[in-house]
Every structure is written in structure tokens, then in C-alpha cells.
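Biologist: I'm new to this structure. Please pick the empty spaces as your one part and take me through them slowly, starting with whatever lines them.

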Amino acid sequence: MLAVLAIVLAALILFATEAAPVDVTAIGIMVSLLLAEPLTEAAASVGLLADSFALVSPEEGISGFASVATVTVLAMFVLSAGVERTGIVETLGERVSAFTGNSERRQLGATIGIVGPISGFINNTAAVAILMPMVSDLAKKGGTSPSKLLLPLSYASMFGGTLTLIGTSTNILASDLSARLIGEPFSMFEFTQLGVIVALVGTAYLFTVGWWLTPERIKAEEDLTSDFELSEYLTEVVVREESPLVGQTVREALASMEQDIDVVQLIRENRTFGEPLGQKMIRGGDVFVVRTDRESLIDVSEGEGLDLLPEIEVSDAELATTEQNQGLVEVVVAPRSSLIGETLATSRFRERYDATVLALRRGPELMRSRLDRVSLRVGDTLLVQATEDSLGRLNRNRDFIVAQRVERAQYRREKVPIAVGIVIGVVALAALDVMPIVVSALTGALAMVVTGCLKPPELYDAVQWDVIFLLAGVIPLGIAMEQTGTANLIADGVVASAELLPPIGVLALFYVVTALLTNVVSNNASVVLMIPVAVEAATRIGADPFAFVLAVTFAASTAFMTPVGYQTNLFVYGPGGYRFSDYVRVGGPLQLLLAIVTTVGIWFFWL
């Protein structure tokens, strides 16, 4: 038990601090459990321990890879990708947004009304990634702050995840644990009635108290240069005839400068050029639009023979005026992005995408200098100047989420009826108990490829492998907690501390503890840690263990109070310009409200 508790504590610290990626931490958990027996055998052989012990067998240690939950989640990622590639979600969003106009309430209603139901049937993380550009455009066209819509988008996707078994990976994992511990897996619509209540109450909150509490961090402006406060960092300089830069390429000139300066545009003889600029030979009289700070600008002007053009204010319109038809766009660093931990310099961003990063937003923090030295994180929002071709490449790249609507040439709109039919078939076969959900989901995933909704190489890009490895790594931890009695020990402590509470009070306690835990660690890890404890606690007090499993599941699927509690919260963190405290301010009352609603709902429907 002490060994398992030590692994649990180390895992919680690593999950909370993100000292390592969550999937790496999860595999570390699995390896730690597997190493217990050989390490203790070695210690016993030299007299350091009286005897060796195992926490899990090798078969149990790797059982997470063959778990029904892991395989089902993998198949659901493929199904979600098949639906996404048809463009149906974006098409639906466009049609609904046509009716919103300048009404903030109609925009909010469209946001919640689209993402909520969709998130019940495709992965809610994917739903937010698809719909975020549509919502950003809604705000821009309607003169609304995107901050007022993006946080509700994330929260509403969580409401939708509580509608069906396949709404989130958390539900699927909880169903597998429930089947193993108490012999009661979830059916497809097991908790839909409670999910509908949660969604309705949550929506009412977002339209009233939530709307009042949600701040306008980003002003309702059309000019992105103003949004990112670039007026002091963008200017124009002209190259003197005697400048030492004349005859050099732009790349050579920049490499020779120690100052933080970036060339955004070249204006020459009434012609304007954007990226790629590296090979352009500098001439006397060339005008450059540059991104730099005032101190660097003074140093460069004096040492490199450049003159500052007075009273120049660079706007979105001017930056878009190039022969390559460039424009400004916000790009969000996605989970699983290969750029995480890299800098713009080490990732060769400019060379790979023929695009220039003008600024970076990380929550409320704006960075506009020394950008090439900043290590990128999930949720960072980059203000990028790019051509339509470069923007298309960024949009197709799974490393990024482009925060504006861009027509994707690879959408297979003719496959919409087929993809929707496959998802309906998967849901119907599982709901009618014709076959287990893992079988119907795998059949549906295969059907997506056979029918051409997905191409075979796209299967691997469709799967969020960090989630798969997370599941595979933490599932053995639950087994170890059960077999060593660690779950019983923790349950004893919970029951003892709550001995003055009625069963519904203990149920509420589990919801609150799980919700708080999920806001700082992975939701799947929370389920694995808390469900065995909840089952033991329910058994001790003579309550229905299934009801306690549901309380943990709902709490783990609705983490509103931090940007790191749920991936969708992190998606909107940068584009919304939110502060960490905004999640507590808006999500805290919602978390408390749903704790009451969920607990009472479970008590009413299942106890």
C-alpha cells in the first residue's frame, strides 16, 4: 500500500505541475508498477527487505493497452475524424450563424446549441477545435468580444459530453471500470436524462450569471494589430543608398544583427512583397515593415543606415497589401503539437510555413519581442502573417488550430450522409445491445475507411495518442489500488471523515473531491483513482456503488475552474485572452451549482 500511495502521490504531482507530458507520466506509472517485483527481489537478496512483492503482474501492467476502454476510445477518435473530414460540423455552424447577426445572446445561443448536442456523439475536444474558428468569426462579424463566447464554447462541450456514453473518453473509461468492479457497465444512454438536466441548468447559468461574470478580455475590434497592441512594435524604415545592408540578402542582414528585429514586408517601387523574403537582395530606397522594440530600432537605424519613416501606423489592411495576397490570422498551438517545447527558431517556423509570427498571446500575457526564444506551449496563440497558400498548410497541419474559418479543400462533403449514417449505426447497435460498444465502434472505424470518409494514412493522425497512452498507463494503477487494498484504505478515511453525513452527503463529497482533483490533473487519471475508492465507500455505508460511480464520472467530465482541467479550456485560453482567475470566477459557481444538481439528480434517478 505504501508503494502504491507513493506512486499515486508522484503521479499527482507530475500531472498537476506538467513537469512531463501526461502520456509520459502515465507510462512512468505503468513502468513503476512493473518494476516493483524485480527491484524488491534485488533488495531482498541483499537483505534490505524481508521479502519481495509485486504490485501488478506483467500481464496486468500492460493490460491497459488491451482494455475495452482504450480500444473503444481509439475507435471513437477515428469516427470523430471521419465526421470532421466531411465538413458537416462547420457547415452546420455556418448555417446557424447566419441567423445570429449582431445579437450577443443569439451568438451565445448558437454557440451552445451547436457544440452541446454535437459533443454527445463526437469527441468534444474535436468539436471545440472545429467550431472555435466559427465562433471567433461570429464574434468578429457581430462586434462581440470573442472572450464572451469562447469560454461558454468550452463549457458547453463538457455539458454535451455528459449526454451519452461516447461523449468523452472519461465516460468510456468509467464504464469499463464499473463493469470490472461491480459488473455494471454503462449503456449508450444510461445517464442521458441527467446529462440533459446538467446541460439545461448549465446553459441557463451561461445565459445569466455566467454571461455577467465572463469578462471582455479582448475588445470587439476588427484590427488584430490593435488586439495584440502592436502599434509600438510595427513600423516602417527606408534603406539609405549608403547603407552597409545594400547588396545583402534579407536573411544575411538579419543574421548579422544582434538586435531583436524581424522583417515583415518589403515595399519596392510601388510593389509590396511578403514571405518568403529571405533571398530578396536589399537595395537602396527599399522600405521595410519591421517588428521590433524602440531600443532595437534606434540601434539598427544608427548602425545599419536605416531611416525611420515618421507618423507611420501599420494596420491589418497594410499588412495584407502584398503581391502574394497575405493576411493576418490567429493560430493556436494544439495538443500533441510537435512544436511544444520548441521555439520559433528551433522549429524553423518561418522557413517551413513562409509565415511570420508578429506576436504571441499566452492567456492574458502578450509577447511581442524576442519571440524566437520563447518555448511554445499548448494553447499559445500566435499572430501570424501568411499567404493563402501558407494559411492552408497551417490549417491542414495538426500542430495548429487556425482561429478563423478557412475553407478546407480536403473536405469530403459528398460523404456527409455516409459518415453520419455510420455514427448513427454505431450508436444504434450499441444502444440496442446488438453488440458491445467496442465492437460497434471498431466496425464503424473500419467503415469510415472502406467508404472513403477517411483515407488509411489519416487513421494515425486521427487518434490522440497521448490520450491512448494515458489510458494504457493509468489503468494498471487502478488494478494495483484494488489488489493491494489501497482503495480500501482511502475509502476508510473518507467514510470516517464523513461519518456524520447522510449517504447523499457522502455522494456529494465524492463529486466535489473528484471535481477539484480533475481541475489540476487529468480527468482520466481522476476516474481511475476515485472510482475504486467510491465503490468501496458506497459498499461500507450500504449505498448503491453504481450511483457513486456516476458521481465520479460526471465530476471528472466537467472541470470548469482551471485552464488545465480540460483540454477544451486550454484551447480557448489564448484566443480568449483569459486569465487563470477567470476560470475560477466563471467556473467556480458553475461547478458548485452542478455539484448540487448532479448529486440530487443521481439520488432521484438511481437511489
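**A close look at the empty spaces**

Modeller: Let's start with the lining of the largest cavity, where the split by class is 13 nonpolar, no polar and no charged residues (nonpolar is Ala, Val, Leu, Ile, Met, Phe, Trp, Tyr, Cys and Pro; charged is Asp, Glu, Lys and Arg; the others, Gly among them, are polar). Bear in mind that this is a predicted model, with local features needing pLDDT of at least 70 and side-chain atom pairs counted only at pLDDT 80 or more, though totals for chains, interfaces and linings use all residues. Residues are numbered from 1 along each chain as its sequence is written, and side-chain values use heavy atoms, leaving out hydrogens and water.

That cavity is one of three of 30 Å³ or more in the structure. On a 1 Å grid over the protein atoms alone, a cavity is a set of points where a 1.4 Å probe fits but cannot get out, a pocket is an open set with protein on both sides within 12 Å along at least five of seven lines, and lining residues have an atom within 4 Å of a point. The largest cavity holds about 110 Å³ of space (the space filled by probe spheres set on the points, which are joined across faces, edges and corners). It has 13 lining residues, and Leu-245, Met-257, Val-263, Phe-288 and Leu-306 sit closest to its centre. To place it along the chain, look at β1 (234-239), α13 (250-256), β2 (261-268) and β4 (287-292), each of which supplies at least two lining residues (helices, H or I with at least four residues, and strands, E with at least two, are DSSP runs numbered from the N terminus). Helix α13 is the top contributor here, giving three residues.

Keep α13 in view and step to the second largest pocket, since α13 gives the most there too, with four residues. This pocket has a volume of about 780 Å³, and of its 30 lining residues Leu-254, Asp-262, Arg-350, Glu-351 and Asp-372 are the closest to the centre. Two or more residues come from each of α13, β2, α16 (349-353) and β7 (355-362). The makeup is 14 nonpolar, four polar and 12 charged residues, whereas the largest cavity had no charged residues in its lining.

Now for the second largest cavity, with about 70 Å³ of space. Its lining takes in Val-73, Met-76, Phe-77 and Ser-80, then Ile-122 and Asn-123, and finally Ile-166, Gly-167, Thr-168, Ser-169 and Ile-172. Both α4 (68-86) and α9 (169-182) put in at least two residues, and α4 gives the most, with four. By class you get six nonpolar and five polar residues, and no charged ones.

Last stop is the largest pocket, at about 1100 Å³. A set of 42 residues lines it, and Glu-18, Val-22, Val-378, Gln-567 and Leu-570 come closest to the centre. If you follow the elements, two or more lining residues come from each of α2 (22-45), α7, α21 (465-484), α24 (523-541) and α26 (567-573). Its lining is a mix: 20 nonpolar, 14 polar and eight charged residues.
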